[in-house]
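Reader: I would like to learn how to read a protein model that holds a nucleic acid strand. Could you take me through it feature by feature?

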Amino acid sequence: MDPRALAALIRQSALAHLADMSPSPELSEDDIALERPKNRDHGDWATSIALKLAKVVGSNPRDLATAIADNLLDHEGIAAAEVAGPGFINISLDAGSAGELVRTIVQAGDTYGSSSDMAGQVINVEFVSANPTGPLHIGHTRWAALGDSLVRVLRAAGASVTSEFYINDQGVQMDKFGLSVVAAAEGKPAPEDGYQGEYISDLARRVLEMVPDLLEMPESARIETARDRAYELQLADITASLSRFNVRFDVWFSERTLHTPGKSGESLIDESVERLRAGGHVFDDEGAVWVRTTDFGDDKDRVIRRANGAYTYFAADAAYYLSKSDRGFWKKIYLLGADHHGYIHRLKALAGAAGDDPEVNVEILIGQLVSINGAKLSKRAGNIIELDDLQTWLGTDALRYSLARYPADSPLTLDSDILTKRSNDNPVFYVQYAHARTHQVARNAAAAGVTTDTFEPSTLTHETESALIASLGDFPRVVAQSAELREPHRVARYLEEVAGVYHRWYDACRVSPQGDNPIEPVHGTRLWLNDATGHVLRNGLSMLGVSAPERM
RNA sequence: GCCCUCGUAGCUCAGCGGAUAGAGCAGAAGACUUCUAAUCUUUUGGCCGCAGGUUCGAUUCCUGCCGAGGGCGCCA
């Protein structure tokens, strides 16, 4: 019996008891609030449903709990249902019924943990979105790890997700970038406010290889050529860095495409201003064009087109937002650093002005900054800590895992000493080792002649076995909840728990018989449990973009 | 000044209203003739920043204060 089936059963029992009430209370399976108690004495599962219902139906929680518990006991597979504390119901499943879950997991394989809870939701997740004017730094690294994991978790929950990188390849920063590369190519110092660091001279050298006559070109062509070639190279570097980091984007959206005039002679930005105007959210004042974002909760109206005729950055934001809507995304999720939280109001306002519901169609996840002890600033790129350096230093697995195991809104200081340790201190190794151990156990079982031909779940009676089974049963709910709350760190924390329970089980229960002892049904059955654990660990690690080695 | 996030064990952090607030590390004591000891067992350690409020019940929700970080533009 898996948790969902149990929740359905509890619901049924509660409703049976309350059937003669009028009106009979609404009760969904989500209301059951099934949880696994920390304390083993409290059974395999516990529910506070009686406490919640007592308020609604106006009866004593303990009496209500007793009635529901009695009803539950009549059902197959329930070994115990006891009322405890103010009205909790502690439930124990009988071993056979609980163990059936193991077969379900193994048969589901790679798909165990996935669900269709979010089926039909078409979601765009935008993250990283760095200027293509230099290498990615530690801040981008956090959003890359978190964003990619979030995308994977949402997909596992059944949503249809597109990951997107918005390339700020237009504007003043790009021009500065071009000037900086030209200066380096000419052997001159970087311009005021320009980009510095060895990577700029590297780019200049590479551009000169591609365009040997660069320095003979007229100035404007020279700057433009240098800018665009260096941009190409830098973007390719960023893509390669992310790819090594196991992060891939479905869409690389160039800001330039918003500025480029289309067939009608109008750019997408021109069109979007007109669309907002048609919606009645635009006004003119002192020669500038404004969007009345205060109608949608912004603290001030925003200029979209300056008095000098130039569009503001907000104009590109607007066009970009409309593009996402036009491309059919029902929900737009943005991952932004804390230094961008000022965007929240205007993005929401933009959604409102575009005719969307800001509370439904836009979600902005603000992440706090991350730092790391012991990291060296990049020599190549100047005063930053580079993703590439971090990755070479710590490895993709340790870096991705340790960034994904904390909620985005907690300020984070990573400890490089721990991340480079290959022991219990380092959670990623703890989890990966547990996975490798499931494979080692399976190899040993094969050598000892233990097979999965026998499966007798009623033999899984050890307390570590019921704990492990219950833990494995939690996986789909953890994934669904992580997706719902946009908190992939819950998957990581869960995997650590599974790994711990598995290690304790391993310590207590043998899959291969010791010495010359005969092979019994329990051994084959435990091999099933072992394999089921391997599936859960592998599936979970995969959602975090972390490898699941079969040997370590 | 206004806005956002955070404040939980010595450290790094979990805990979307529930039972005695948890994990890892650090400190103390143990377990390898054993399917991998990269593991496991036991143990020390808390005015959950402070003060109110809502609730049968608050670390969790609300308000104020204190502390840390970040943000406010016809910049991008």
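**Reading the contacts and the fold**

Author: Let us begin with a single contact: a base nitrogen of RNA strand B is 3.0 Å from an N or O atom in the side chain of Asn90, and this counts as a polar contact, that is, a pair of N or O atoms within 3.5 Å, where within protein one must be able to donate a hydrogen and the other to accept it, and residues adjacent in sequence count only if both atoms are side-chain atoms. Please keep in mind that this is a predicted model, in which local features need pLDDT of at least 70 and side-chain atom pairs count only at pLDDT 80 or more, while totals for chains, interfaces and linings use all residues. Residues are numbered from 1 along each chain as its sequence is written, chains are lettered from A and ligands numbered from 1 in the order in which they are written, and side-chain values use heavy atoms, with hydrogens and water left out.

Reader: Which other polar contacts does RNA strand B make, for instance through a base oxygen or a sugar or linking oxygen?

Author: A base oxygen of the RNA lies 3.3 Å from a polar backbone atom of Ala307, and a sugar or linking oxygen lies 3.3 Å from an N or O atom in the side chain of Arg510.

Reader: How many residues surround RNA strand B?

Author: A residue is near a strand if one of its heavy atoms lies within 4 Å of it. Here 62 residues surround RNA strand B, and the closest are Phe88, Tyr343, Tyr433, Asn444 and Gln481. Of the RNA atoms that come within 4 Å of the protein, sugar and phosphate account for 63%. The residues of this surface divide into 25 nonpolar, 19 polar and 18 charged, where Ala, Val, Leu, Ile, Met, Phe, Trp, Tyr, Cys and Pro count as nonpolar, Asp, Glu, Lys and Arg as charged, and the others, Gly among them, as polar.

Reader: Where does Asn90 lie in the fold, and is Asn90 buried or exposed?

Author: Asn90 lies in strand S4; helices (H or I, at least four residues) and strands (E, at least two) are DSSP runs, numbered from the N terminus. At 8% relative accessibility Asn90 counts as buried, because buried means under 20% relative accessible area, exposed over 50%, and partly exposed in between, with a 1.4 Å probe and protein chains only. Leaving aside neighbours within four places in sequence, Asn90 is in contact (heavy atoms within 4.5 Å) with His42, Trp45, Ala46, Ala80, Ala81, Glu82 and Ala84.

Reader: In what order do the strands of the sheet with S4 run?

Author: Strands of a sheet pair through backbone hydrogen bonds, either parallel or antiparallel. In this case 4 strands form an open sheet in the order S1-S2-S4-S3, with antiparallel pairing, and two strands count as paired if DSSP finds at least two bridges between them. The edge strands, each pairing on one side only, are S1 (34-35) and S3 (78-84). S2 (residues 45-47) and S4 (residues 88-93) pair over 3 bridges, and Trp45 has Ile91 in S4 as its bridge partner. Helix H3 (residues 61-73) lies across S3 and S4 and runs at about 175° to S3, where axes are lines fitted to C-alpha atoms, for helices over the stretch in contact, and angles run from 0 to 180 degrees between N-to-C directions.

Reader: What does the side chain of Asp44 reach?

Author: Asp44 is placed in the loop between S1 and S2 and is buried, with a relative accessible area of 16%. The Asp44 side chain reaches the backbone nitrogen of Leu93 at 2.9 Å, and residues that Asp44 touches include Arg36, Ile91 and Ser466.

Reader: Which residues of helix H19 are buried?

Author: An α-helix has 3.6 residues a turn, so residues three or four places apart point the same way. In H19 (residues 475-485), the buried residues are Phe475, Pro476, Val478, Val479, Ala480, Ser482 and Ala483. These pack against helices H1 (3-18), H5 (138-156), H18 (463-473), H20 (489-508) and H21 (521-543).

Reader: What is the phi of Arg486, just after H19?

Author: Arg486, in the loop between H19 and H20, has a phi near 55°, a positive value in a residue other than glycine, and Arg486 is buried, with a relative accessible area of 12%. Val128 likewise has a positive phi, near 65°, and is buried at 9% relative accessibility.
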